Amino acid sequence: MNTRANQRILITGGAGFIGSHVVRRFVLKYPNYKVYNLDALTYAGNLENLKDIEKEPNYTFIKGDIVDTSFVFEIFEKYQFDSVIHLAAESHVDRSIEDPLAFVKTNVIGTLNLLQAAKKLWGNTVNNRFYHISTDEVYGSLIENKSLFTEETAYDPSSPYAASKASSDHFVRSYGKTYDFPYVITNCSNNYGPNHFPEKLIPLFINNIINKETLPVYGDGNYTRDWLFVEDHAIAIDLVFHKGKNHETYNIGGFNEWKNIDLIKTLCRLMDQKLYREDGESERLITYVKDRPGHDLRYAIDANKINKELGWKPSVTFEEGLSKTVDWYLDNKDWLDNVTSGSYKEYYQKQYL
Ligand code: NAD
Ligand code: DAU
């Protein structure tokens, strides 16, 4: 792993939800690193997420599409990146059900373009690092209350999104085996926190509660997810980037399983308090709607490897994290209004109305 104090790091998808937290952490914590944020600014990318750090001398934004092969090769040649933290992706399961090809393009072909360009630039050196950010969804679904996803769990993706991420993981590992390419992968559970695009459960429901709109619960609401505060994910990424072993995979999770319906009721109660509304007002907005096709019953991560080997564990409790998250959305109404105008309305109409 490159330990040079002045290395050049390419972070892809840095204008998105998790990417913006990772970019901010690296820019502020490592002033000697040069951080390059490559992002196509799709509907999910928003430079407002990085307004506070955009003028830092060690930060450069590059607008571009990882699917564009010659562009990707050109920027590797121009900036001579020492390492890559790859987060750019199409990330929403429901959108992947409507348009799987968009997910193959960005998540599979985009990842291959980055692998090819990095391999060309780096040759056979072990001093570089390609860090691929992946998801627990590649493992498919767990049976209720039984077992956890470990790094050895076989891949069994359910949605086109999960299949595209699984495919990209396979390509990254194949480069390790075939070319001795210096990669590391992490597979993380559901993140939540500030800057989360309001198409995902928690920010969508926060926005709808603010606006007193219905809360569309898929199926019976008895689906389970393992939630992690986004800044704890960024801390884990920092640690794995610097201390993780080449060709290893680390699962990251919150040790924090919630049935959707229980989480939603907790969020409703919290928001009633914060908005000085009558107890039970937000809960009355809950509406059970048609289930997501191929809906995975349960995700739960065994994060013991990263805990034992690298000493990581979540630092924020769910109670604190959810409260901070709700406060952020209430304090950033302009951000919410901006991202929910325009094409968001069309998406919402198609998905829910
Ligand atoms: P996001 O959708 O909020 O952000 C994705 C970013 O990638 C956006 O800024 C977007 O503009 C950019 N992007 C999309 N297509 C691009 C392209 N072709 N070229 C360049 N940039 C492009 O996603 P997120 O939730 O922040 O997820 C980031 C990564 O973490 C993804 O790889 C995702 O699979 C993974 N992940 C997410 C979660 C989660 O709960 N959100 C959990 C585990 C893993
Ligand atoms: O597990 C990691 C994954 O978590 C990431 O890889 C994905 O990028 C991220 O989007 C997330 O996927 P999920 O499908 O789990 O997240 P989502 O927020 O879309 O849904 C969470 C749960 O809530 C899921 O069981 C579906 C349900 N849901 C979701 C929405 C948007 C609803 O009941 N109603 C909704 O309107």
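The shell around ligand 1 in this predicted model is made up of 14 nonpolar, 12 polar and three charged residues. In total, 29 residues surround the ligand. Those that come nearest are D39, D65, S91, Y161 and K165.

Several secondary-structure elements contribute to this shell. Two are helices, α1 (17-29) and α5 (160-179), and two are strands, β5 (129-135) and β7 (190-192). Each of these four supplies at least two residues. The largest share comes from β5, with three residues.

Polar atoms of ligand 1 lie at short listed distances from both backbone and side-chain atoms of the protein. A nitrogen atom of the ligand is 3.0 Å from a polar backbone atom of I66. For A40, a polar backbone atom is 3.1 Å from a ligand nitrogen. K165 takes part through its side chain: an N or O atom there is 2.7 Å from an oxygen atom of ligand 1. On its own, the ligand has 840 Å² of accessible area, and the protein covers 96% of it.

Helix α7 was also examined. This helix spans residues 230-243, 14 residues in all. The distance from its first C-alpha to its last is 20 Å, close to the 20 Å expected at 1.5 Å a residue. Buried positions in α7 are V230, D232, H233, A234, A236, I237, D238, V240 and F241. In an α-helix there are 3.6 residues a turn, so residues three or four places apart point the same way. The buried set in α7 includes V230, H233, A234, I237 and F241. Charged side chains are found there too, with D232 and D238 among the buried residues.

Methods
Residues numbered from 1 in each chain as written. Chains lettered and ligands numbered in written order. Predicted model: local features only at pLDDT ≥ 70, side-chain atom pairs only at ≥ 80, totals over all residues. Heavy atoms only, no water. Near = heavy atom within 4 Å. Polar contact = N/O pair within 3.5 Å; in protein donor to acceptor, adjacent residues only side chain to side chain. Areas by Shrake-Rupley, 256 points an atom, 1.4 Å probe, with all protein chains shown as cover. Expected span 1.5 Å × (residues − 1). Buried < 20%, exposed > 50% of the residue type's maximum accessible area, 1.4 Å probe, protein only.
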